[in-house]
Amino acid sequence: MNKKGLTLIELLIVLVISSILIAAIYRTFIHQQHSYTVQEQVVDMQQNVRIAINQMVREIRMAGFGRQNAKTWGAGGMHGIFKNVVTPSDDGQSITIVGAFEQVTFLTESIGSGVDPAKIKVADATFFNTGGLQYICINGTESARIKKIEGNEIELFEPLTENHFINEPVFRVMAITYSLGVYEGKPSLLRNDHVNRIQPLAENIEFLQFRYMLQGEDIYRNVVPGNRRDEIRMVEVTIRARTDRNDPELGGADGFRRRTLTSNIQLRNLFSI
């Protein structure tokens with residue numbers, strides 16, 4: 001009787017071929033897994049940098065909204081520090097902007113110009129205080145400093161110069177600083193409203209640079225003298241993000257992938273000054 005089966009040599013050949021196929025499949029899987037991880041990292045990085053720059057562009061563009069000026073903030077400036085709508089840092093790595101960024105309530109009674117003392121009534125005065133939130137803007141056209149709050153009635157330091165009517169929107173005027181810092185061990189873009197807390201907007205942001213164009217000029221400058229800050233009309237912001245983890249297979253010094261974005265922002269509320 002003939003018995004059919006595999007010889008030892010045939011079995012070894014099958015094992016070798018199977019091992020080669022398994023190794024090839026494994027390498028393909030590892031390569032695809034690596035590619036997926038890299039793409040996921042790149043997508044996260046791009047999303048981070050876009051979120052960061054979109055937030056900055058939106059708020060920097062609003063700088064000066066509500067007709068801000070030194071009289072609004074008092075002799076020492078907002079928080080006793082900021083005397084201009086735009087305050088650049090000397091190293092060009094941070095910026096502070098002042099504006100009516102947030103609508104929080106509305107007038108419940110009309111008030112005429114020149115009324116002294118100027119007392120406005122709002123639907124909800126809890127958004128304001130006589131400390132850090134002592135600056136108010138009515139209808140986006142006139143800003144003032146709060147002297148006293150009683151219930152939902154707010155008394156201002158100076159009489160209003162315009163007539164304002166019931167249901168007009170009321171905004172909070174704030175100073176917001178954008179800068180680089182470290183959050184949970186990672187380089188991050190930080191947003192500080194100088195009232196509540198410093199908030200991380202995006203992680204893995206390793207470079208931030210601001211440059212400025214003054215009224216009547218057509219070039220950006222890195223440094224703006226203190227006596228010319230009211231002439232700032234354009235801001236250029238450059239931001240660079242990196243992936244959360246490095247890639248050993250990527251060439252370069254540290255294996256991180258990076259993306260850089262630059263945006264030019266027109267300060268539209270300051271062009272009429």
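This is a guided tour of one predicted model, given as a series of selections to make in the viewer.

**The enclosed strand**

Begin by selecting residues 232-242, which make up strand E11. Of its 11 residues 9 are buried, so this strand is largely enclosed by the rest of the structure. Add residues 205-214 to the selection to bring in strand E10, which runs antiparallel to E11 and is joined to it by 9 bridges; within this pairing, look for Tyr212, which stands opposite Val235 in E11. Then add residues 258-266, strand E12, which is likewise antiparallel to E11 and joined to it by 9 bridges, with Val237 standing opposite Ser263 in E12. While inspecting these strands, it is useful to keep in mind that side chains in a regular strand alternate between the two faces of the sheet.

**Charges around E11 and E12**

Keep this region in view and show the side chains of Glu206, Arg240, Arg242, Asp254 and Arg258, which are joined into one network by salt bridges that share partners. One member, Arg242, also has its charged end over the ring of Phe256, 4.3 Å from the centre of that ring. For another example of this arrangement, move to Arg145, which lies over the face of Phe157 at 4.1 Å from the ring centre.

**The aromatic pair**

Next, select Phe65 and Phe171. A search of the whole structure finds 1 aromatic pair, and the ring centres of Phe65 and Phe171 are 5.4 Å apart with their planes at 85 degrees, so the pair is edge-to-face. Phe65 belongs to the loop between helix H1 (8-61) and helix H2 (70-73), whereas Phe171 belongs to strand E7 (residues 169-183), so the contact ties together parts that are 106 residues apart in sequence. The two rings can also be viewed in terms of their cover: Phe65 is partly exposed at a relative accessible area of 23%, while Phe171 is buried at 11%.

**Salt bridges between separated segments**

The structure holds 16 salt bridges, and several are worth a separate selection. Take the pair Arg191 and Glu59, whose side chains meet at 2.9 Å, N to O; this pair links Arg191 in strand E8 (residues 186-192) with Glu59 in helix H1, 132 residues apart. Is Arg191 buried or exposed? With 13% relative accessibility it counts as buried, and Glu59 is buried as well, with a relative accessible area of 9%.

From Arg191, follow E8 to Lys186, whose side chain meets that of Glu203 in a salt bridge of 3.6 Å, N to O. Here Glu203 lies in strand E9 (residues 198-203) and Lys186 in strand E8, 17 residues apart. Glu203 is partly exposed at 26% relative accessible area, and Lys186 is partly exposed at 27%.

**Strands E3, E5 and E6**

Now select residues 153-156, strand E6, which pairs with E3 in the antiparallel sense over 3 bridges and with E5, again antiparallel, over 4 bridges. Glu153 in E6 is a convenient centre for the view, since it is the bridge partner of Glu150 and also stands opposite Lys121. E5 and E6 form a hairpin with 2 residues between them, and Gly151 in the turn has a positive phi of about 65 degrees. Lys121 in turn forms a salt bridge with Glu109, the closest N and O atoms being 3.5 Å apart.

**Backbone features**

Most residues other than glycine have a negative phi, and most peptide bonds are trans, which makes the next selections worth a careful look. Asp116 and Pro117 are joined by a cis peptide bond with omega of about 5 degrees, and Pro117 is found in the loop between strand E2 (95-106) and strand E3 (119-121). His79, in the loop between H2 and strand E1 (86-88), has a positive phi near 60 degrees. Asn139, in the loop between strand E4 (135-138) and strand E5 (142-150), has a positive phi of about 60 degrees as well, although it is not a glycine.

**The surface of H1**

Finish with Ile9, Ile13, Ile17, Leu21 and Ile25, which form a nonpolar patch on the surface with about 520 Å² of accessible area together. Ile25 lies in helix H1 and, at 58% relative accessibility, counts as exposed.

Key. Residues are numbered from 1 along each chain as its sequence is written. This is a predicted model: local features need pLDDT of at least 70, side-chain atom pairs count only at pLDDT 80 or more; totals for chains, interfaces and linings use all residues. Side-chain values use heavy atoms; hydrogens and water are left out. Buried means under 20% relative accessible area, exposed over 50%, partly exposed in between (1.4 Å probe, protein chains only). Two strands pair if DSSP finds at least two bridges between them. Rings of Phe, Tyr and Trp (its six-membered ring) pair if their centres lie within 6.5 Å; planes under 30 degrees apart count as stacked, over 60 as edge-to-face and the rest as tilted. A charge sits over a ring if NZ of Lys or CZ of Arg is within 6 Å of the ring centre and within 35 degrees of the ring normal. Patches are made of residues with over 30% relative accessible area and no salt bridge: like charges are joined within 9 Å, nonpolar side chains (Val, Leu, Ile, Met, Phe, Trp, Tyr) within 5 Å. Accessible areas come from the Shrake-Rupley method with a 1.4 Å probe; for residues, only the protein chains shown count as cover. A salt bridge is a side-chain nitrogen of Lys or Arg within 4 Å of a carboxyl oxygen of Asp or Glu.
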